[in-house]
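Please examine the structure below together with its sequence. The paragraphs that follow lead through it step by step.

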Amino acid sequence: MNALVNDRWLVRRVVPMTKAAGFDIVRFDSHGYVQTSEPDYMMTLVTRGADILAASGRIGLQLADSLKEEGKRRVREGTFFGFIAFASLIAAKPK
């Protein structure tokens, strides 16, 4: 996670931080990004994540390779599901 995400708690803190900076929240929304049948981007995350875990010593190379192969198998069989949640915030400075 540390190698892929700068601040995993930012979305949870962004509204209070924005208000503390003197802004009014106009809109705060969640957006989902899903890849299933053509998960090119999500498979890069599976590959990078497995490689990062192996490079850090958290898992062995055999497990990293197995995770990548499992992702490919799920793509082939049509059972792959990749999801990322994003958030957006619009704020305005009070007049």
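A network of salt bridges links Glu-70, Arg-73, Arg-74 and Glu-77 in this predicted model. Within it, Arg-73 pairs with Glu-70, and their closest N and O atoms are 2.5 Å apart. Both residues belong to helix H3, where a spacing of three residues amounts to about one turn of the helix. Arg-73 is partly exposed at 28% relative accessibility, and Glu-70 is partly exposed at 26%.

Helix H3 also holds a salt bridge between Asp-65 and Lys-68. Here the closest N and O atoms are 3.8 Å apart, and the two residues are again three positions apart, about one turn of the helix. Asp-65 is partly exposed, with a relative accessible area of 43%. Lys-68, by contrast, has a value of 15% and therefore counts as buried, the limit being under 20%.

What does Lys-68 touch, leaving aside residues up to four places away in sequence? Its contacts are Met-43, Val-46, Thr-47, Ala-50 and Asp-51. These five residues are among those through which helix H2 meets H3. The axes of H2 and H3 come within 8 Å and cross at roughly 170°; because this angle is over 145 degrees, the helices count as roughly antiparallel.

Helix H2, residues 40-55, also includes Tyr-41, which is partly exposed with a relative accessible area of 38%. Together with Tyr-33 and Phe-86, Tyr-41 makes a nonpolar surface patch of about 290 Å².

The whole structure contains seven salt bridges. One further pair is Arg-27 with Asp-29, at 2.2 Å from N to O. Arg-27 is partly exposed at 48%, as is Asp-29 at 23%.

Note on methods:
Residues are numbered from 1 along each chain as its sequence is written. This is a predicted model: local features need pLDDT of at least 70, side-chain atom pairs count only at pLDDT 80 or more; totals for chains, interfaces and linings use all residues. Side-chain values use heavy atoms; hydrogens and water are left out. Patches are made of residues with over 30% relative accessible area and no salt bridge: like charges are joined within 9 Å, nonpolar side chains (Val, Leu, Ile, Met, Phe, Trp, Tyr) within 5 Å. Accessible areas come from the Shrake-Rupley method with a 1.4 Å probe; for residues, only the protein chains shown count as cover. A salt bridge is a side-chain nitrogen of Lys or Arg within 4 Å of a carboxyl oxygen of Asp or Glu. Helices (H or I, at least four residues) and strands (E, at least two) are DSSP runs, numbered from the N terminus. Buried means under 20% relative accessible area, exposed over 50%, partly exposed in between (1.4 Å probe, protein chains only). Axes are lines fitted to C-alpha atoms, for helices over the stretch in contact, and angles run from 0 to 180 degrees between N-to-C directions. Angles under 35 degrees count as roughly parallel, over 145 as roughly antiparallel, 65 to 115 as roughly perpendicular and the rest as oblique. Contact means heavy atoms within 4.5 Å.
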